[in-house]
Amino acid sequence: MSVGFTRTPKKTATSVEDFISKVDPTVVQNDKLPWTGLREDKRTELYNIRLTEVEMAKLRFIAENTPNSMQAFLMKIILPAIDHAIDDVLSEIKRKKGIQAIQDGQS
């Protein structure tokens, strides 16, 4: 048994092209960032990093001669670098948006 629509869907006057043209790719809101709402309490993803034999030996040497494991050492370095890069990317997006707003105002 098939159930049909009880009413016809509303048609919009906006074409797909008009809708797409209104999207601002530089808009980034903190609640829309890709990691918003994801778990922070458990490491679940695995990411392979390819090191040369020399780089791997250096990393092992650090782990053997400090209290840090190879994983702990890399996390201490990588996580602050990721946060710094995120700040740079968001600043650049805001800068581009500001330039675009100025250009739009001059048109």
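**Close-ups of a three-helix chain**

**View 1. Arg95 and Glu92 share helix α3.** These two residues both sit in α3, which covers residues 70-106, and they are three residues apart, about one turn of the helix. Helices here are DSSP runs of H or I with at least four residues, while strands are E runs of at least two, and both are numbered from the N terminus. You're looking at a predicted model, in which local features need pLDDT of at least 70 and side-chain atom pairs count only at pLDDT 80 or more, while totals for chains, interfaces and linings use all residues. Residues are numbered from 1 along each chain as its sequence is written, and side-chain values use heavy atoms, with hydrogens and water left out. Arg95 and Glu92 form a salt bridge, with their closest N and O atoms 2.6 Å apart (that is, a side-chain nitrogen of Lys or Arg within 4 Å of a carboxyl oxygen of Asp or Glu). Arg95 counts as partly exposed because its relative accessibility is 43%, and Glu92 is partly exposed too, at 30%. The cut-offs are under 20% relative accessible area for buried and over 50% for exposed, with partly exposed in between (1.4 Å probe, protein chains only).

**View 2. Arg39 pairs up with Asp41.** The structure holds two salt bridges, and here Arg39 reaches Asp41 with the closest N and O atoms 2.9 Å apart. Are Arg39 and Asp41 buried or exposed? Both of them are exposed.

**View 3. Asn68 sits in the loop between α2 and α3.** Asn68 counts as buried because its relative accessible area is 19%. Take a look around the whole chain and you'll find that buried residues make up 5% of its 107 residues. Which residues does Asn68 touch, not counting residues up to four places away in sequence? They are Ile62, Ala63, Phe73 and Lys76, where a contact means heavy atoms within 4.5 Å. The side chains of Asn68 and Lys76 are also joined by a polar contact of 3.0 Å (N or O atoms within 3.5 Å, one able to donate a hydrogen and the other to accept it; residues adjacent in sequence count only if both atoms are side-chain atoms).

**View 4. Met56 meets Met70.** Met56 belongs to helix α2 and is partly exposed because its relative accessibility is 23%. Leave aside its neighbours within four places in sequence, and Met56 is in contact with Leu51 and Met70. Met56 and Met70 are 14 residues apart in sequence, yet their C-alpha atoms are 9.5 Å apart in space.

**View 5. Twenty-four residues line the largest pocket.** Nearest its centre lie Arg43, Glu45, Met75, Leu79 and Ile82. Helix α3 gives the largest share of the lining, nine residues, and α2 (53-65) and α3 each supply at least two. The lining residues divide into 15 nonpolar, three polar and six charged (Ala, Val, Leu, Ile, Met, Phe, Trp, Tyr, Cys and Pro are nonpolar, Asp, Glu, Lys and Arg charged, and the others, Gly among them, polar). A pocket is an open set of points on a 1 Å grid where a 1.4 Å probe fits, with protein on both sides within 12 Å along at least five of seven lines, and lining residues have an atom within 4 Å of a point.

**View 6. The chain as a whole.** There are three helices and zero strands, so along the sequence the pattern reads α-α-α.
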